Amino acid sequence: SGFNSIGHMDTMLRGRRQIGHCKEGEEFIQNVFHVLFQIFTGKEKSNLSICWLQYEISKVVQCLQAKKKKKLKAQGRRSKKLAKNFLKALDNRNNLTLWKLYAYLEWLLGNTDDARKVFDTALCTAGTGGLKSAHLCSLSLLYAQLEVELLESIEGAVTSRAVHILTKLTESGPYVPYSGQVLSVNILKARKTYERALQDYLSKTPVSDQDQVSDADQLVDLVGCYALFQYLTVGIDAAVLIYTQASEKLEASGPQKCEKIGENFGIQNFASALEAVMLLHTNLLRFHMKISVYPLNPLREALTEALKRYPSNQSLWRSYIHIQRKSHSASKARRFFDNVTRSTNSLEPWLFAIQAEQIRKKLTEKVQRADVGEVHCTIPETGLTNRIVALFEHAVQSENGTHCPLLWRMYLNFMV
């Protein structure tokens, strides 16, 4: 009983309770992890630990979004206990990915100082690989991003902890925890090092498939670190320039590099690297708009460009809907959704187009019913209702839409 409701139905509310994992579904998933954990050894076991911890973090995020403090506390305790048990295992003591996830978990639970200690410990034990170490880049990027999110304005960010982390990464020496200041000469040296490292990366040809996978990931982390460093020390325009250069280079170099190797493999990796760079770019623009005055157009252009290329990226669509809420004219967004749905088979554009219209409908009804209680508005908003029904009709006729339970449930839910 109950296994049929394992699937996430985040878009729907049942009463006031948001649907997450049901009890039986949760037990089933935990049993799968426990059984597999006894079977695997070595590298596979470490990878399973990473998946398990990511799953636990997703539940913590769900509690945070639903603002359930009691549930968050209990979930936090369970997840931390699991993370500590993983890190006690001999194979995992130097596993930087696990350390990174544990630090992130502490940060999400609001234990900022504890999280900083975990990050600092991991960076101190990670060796002196600097920008050449993929794990070190990834760890430093997350740490710096979390620190930047605490900033209230970009003024005085040059002496922040985030700049210290990103500067230390370029020095290829042992990491020293933040002491409250960053020397200007170190910032200048770091900028030169980043510049050289990025040029080297963009001009080198990977040798094997395996190299291409790690190269693509490492390139994304390097671009992220360099752009964030430029953002904090120079400004938003300098950061956007890094993203633009990296994107142009990746667009140009992807297919040719693959021809040399004679494999299709590279195209996918460079495409995923490009997608990740575009996501970092749009996220930084969104953050900058939150803490300072900045025009909306650059973000809108970056998002539409990225979504034309990657129509199934949910994070990009969420950002797009978020910025469209602020706009009073729906026509531009509707035309864009229409173009994307015509040119792709993925279902995400349909789902997000429907969601955008439902948000608009809710907003219209809220305005029309203001101060009257639950009296239905005198002018019923039939235009939006008909538009949403038409979108559902078109979506369920598409090849992927016909077989999507979520879409049918949303349709039924709306018609009710």
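## Helix 16: two sides

In this predicted model, Asn-386 and Gln-397 of helix 16 are exposed. They lie on the other side of the helix from its buried residues, which are Leu-384, Ile-388, Leu-391, Phe-392, Ala-395 and Val-396. Viewed along the helix axis, the buried residues fall within an arc of 125°, so they line one face. An α-helix has 3.6 residues a turn, so residues three or four places apart point the same way.

Helix 16 covers residues 382-397. At 1.5 Å a residue, its 16 residues should span 22 Å, and the 23 Å between its end C-alpha atoms agrees with this. The cover over its buried residues includes helix 14 (331-343), helix 15 (348-368), helix 17 (399-402) and helix 18 (405-415).

## The largest nonpolar core

The largest nonpolar core has 114 residues, of which Tyr-194, Tyr-231 and Leu-407 touch the most other members. Helix 9 (residues 209-233) gives the most to this core, with twelve residues.

Among the residues that Leu-407 touches are Phe-392, Ala-395 and Val-396, which are also buried residues of helix 16. Leu-347, Leu-351 and Ile-354 are further contacts of Leu-407.

## Helix 4: an enclosed helix

Helix 4 (residues 96-108) has 13 residues. Eleven of them are buried, so the helix is largely enclosed by the rest of the structure. The buried residues include Trp-99, Trp-107, Lys-100 and Glu-106. Helix 2 (42-66), helix 3 (69-88), helix 5 (112-125) and helix 6 (134-149) are among the elements covering them.

At the start of helix 4, a side-chain oxygen of Asn-95 comes within 3.1 Å of the backbone nitrogen of Thr-97. Just after the helix, Gly-110 has a positive phi of about 90°.

Note on methods. Residues are numbered from 1 along each chain as its sequence is written. This is a predicted model: local features need pLDDT of at least 70, side-chain atom pairs count only at pLDDT 80 or more; totals for chains, interfaces and linings use all residues. Side-chain values use heavy atoms; hydrogens and water are left out. A nonpolar core is a set of buried Ala, Val, Leu, Ile, Met, Phe, Trp, Tyr and Cys residues joined through side-chain atoms within 4.5 Å. Buried means under 20% relative accessible area, exposed over 50%, partly exposed in between (1.4 Å probe, protein chains only). Helices (H or I, at least four residues) and strands (E, at least two) are DSSP runs, numbered from the N terminus. Contact means heavy atoms within 4.5 Å. The expected span of a helix is 1.5 Å times one less than its number of residues. The arc is that of the directions from the helix axis to the C-beta atoms. A polar contact is a pair of N or O atoms within 3.5 Å; within protein, one must be able to donate a hydrogen and the other to accept it, and residues adjacent in sequence count only if both atoms are side-chain atoms.
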